[in-house]
Amino acid sequence: MFVLLARICQYVLLLTGILFLIWLSTIEILYQNKECFSVNIQKSIYENENISPNASMIDSRLKLNHFTILGTHNSYHRANLIYKYEHQQLDKQLSFGIRQIELDIHLMKNNLVIYHLQLFDDKTNCYCFKDCLMKIVKWTEENRFHYPIYLFIEIKQMFYEDLMTGLTGGVKCEHLQQIKEEILDVFSLDTFILPQQIQGNQTSIRLALKKQRQNEFEGSYTYQNYGWPPVYQSLGKLIPVFLDDVHNRAVHLYSTCDSLQNFFLIAQTNLNLPYSSIICFSSSIKDTEILVNIAMNGQIIRLFLGYENDKIYQTTKQYGIHIISSDCEQCNDRPLCQALANHFQDSTILCNHYSAPPFCNSSLPFL
């Protein structure tokens, strides 16, 4: 009996090993990045001396946390048999009014690539990370004074998402450095709103945002060189964000990873960490009181809705959601998409329900 069981275990292990090798070989064949070497990179230079003709029409007291914008989830995604939603090319989304883009990165030695899940969900509008960035660059060069764009970066690291990254221990500081370098191959550093600008002379980003918000509660909306910058000074810029709401890797990396500290804001679920600036929620949210606490702390709330969570949207929009990220870039017959279209029918950038001051004006000429 024991001999039979031992042989069965041997066969199971052998079969598992064979299947693993087939899986690994398939991934090695399917996912390469040779074509990424041919992407034509033209570095964009942010021109500080250019002043937007719209800047004088925007109250200097209005800041990024005073507005609600639309974003997309898995912004590169194309439909397949399992996942039905699909987004337009990134430049088309930006022209539509989307101001938060999310890219899922799969780590490769020479060039980073973009898609959702290996084998099961890998259709994408821009496979090479630099190609995705170039689509954004070309749009921003044609629309130099756009409302700032949040560039969310998520690194796929579970074995079912990206086998090699999962097997080698997940995200490391060197990976964030690689992403930063590829971004800076395309954009100049001046293009970005960076963590140090948010922190200013305060001891942490969280305290800077809290102090800024406290000043506003006391009636002072003057920018003190910490916290969210004024909108009129932020036109044409991008905000790089490491999306860490699932794996919480930043907790272990932050203190020793210069790229994480100095380049990326971090979007996650804990509002009490020193770097807490963008707090993420999804359709599973149950306690809306925490949304009020986040807004009172001056932090930005990002809500992911997918394409069917109309009930969650109706429940939470009164609490001051700043970034509404969904799969409803263009309206269709789904209730959530219709609700978003009705709410944002005049503009895709609106004064925030909770945090905007009385003098906020959503009819400003934002791009």
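The following exercises, each with a worked solution, examine the secondary structure, packing and backbone of one predicted model.

Residues are numbered from 1 along each chain as its sequence is written. Because the model is predicted, local features need pLDDT of at least 70 and side-chain atom pairs count only at pLDDT 80 or more, while totals for chains, interfaces and linings use all residues; side-chain values use heavy atoms, with hydrogens and water left out.

**Exercise 1. Overall composition**

State how many helices and strands the chain holds, and what share of its residues is buried.

Solution. Begin with the DSSP runs, numbered from the N terminus: helices are H or I runs of at least four residues, and strands are E runs of at least two. The chain has twelve helices and ten strands. Next, take burial, where buried means under 20% relative accessible area, exposed over 50%, and partly exposed in between (1.4 Å probe, protein chains only). By this criterion 53% of the 367 residues are buried. Finally, consider contacts, meaning heavy atoms within 4.5 Å. Of the contacts with a separation of 6 or more, 71% involve residues 24 or more positions apart.

**Exercise 2. The strands around β5**

Determine which strands pair with β5, in which sense, and whether the faces of β5 are covered or not.

Solution. Two strands pair if DSSP finds at least two bridges between them. On one side of the analysis stands β4, which runs parallel to β5 and is joined to it by five bridges; Tyr150 has Ile239 of β5 as its bridge partner. Strand β6 (residues 265-268) is also parallel to β5, with three bridges between the two, and Leu243 is partnered by Ala267 of β6.

Now examine burial. Six of the six residues of β5 (residues 238-243) are buried. Leu238, Pro240 and Phe242 cover one side, and Ile239, Val241 and Leu243 the other.

The analysis extends to β6, where Leu265 and Ala267 point one way, Ile266 and Gln268 point the other way, and all are buried. Three parallel bridges connect β6 with β7, and the partner of Gln268 in β7 is Ile279.

**Exercise 3. The buried faces of α7 and α12**

Explain why the buried residues of α7 can be said to line one face, and repeat the analysis for α12.

Solution. First check the geometry of α7 (residues 205-217). The expected span is 1.5 Å times one less than the number of residues. For 13 residues this gives 18 Å, and the end C-alpha atoms are 19 Å apart, which agrees. The buried residues are Ile205, Ala208, Leu209, Gln212, Arg213, Asn215 and Glu216. Seen down the axis, they fall within an arc of 155°, and therefore line one face of the helix. This arc is that of the directions from the helix axis to the C-beta atoms. These residues pack against α6 (195-199), β6, β7 (276-281) and α10 (289-296).

In α12 (residues 335-343), Leu336, Cys337, Ala339 and Leu340 are buried. Their arc is 160°, so they too line one face. Their cover includes β1, β8 (300-306), α11 (310-316) and β9 (323-326).

**Exercise 4. Aromatic rings**

Describe the pair formed by Phe67 and Tyr147 and the cluster that contains Phe187.

Solution. Rings of Phe, Tyr and Trp (its six-membered ring) pair if their centres lie within 6.5 Å; planes under 30 degrees apart count as stacked, over 60 as edge-to-face and the rest as tilted. The whole structure contains eight aromatic pairs. For Phe67 and Tyr147, the centres are 6.1 Å apart and the planes meet at 70°, an edge-to-face arrangement. Phe67 belongs to β1 (residues 67-72) and Tyr147 to the loop between α3 (129-142) and β4 (149-155), so the pair ties together parts 80 residues apart in sequence. Both residues are buried.

Phe187 and Phe192 are also edge-to-face, at 5.7 Å and 75°. Their relative accessibilities are 1% for Phe187 and 4% for Phe192. Ring pairs link these two with Phe263 and Phe264 in a cluster.

**Exercise 5. Positive phi angles**

Identify where Leu119 and Asn225 lie, and state whether each is exposed or partly exposed.

Solution. Most residues other than glycine have a negative phi. Leu119 has a positive phi near 70°, lies in the loop between β3 (113-114) and α3, and is partly exposed at 35%. Asn225 has a positive phi near 65°, lies in the loop between α7 and β5, and is exposed at 56%.
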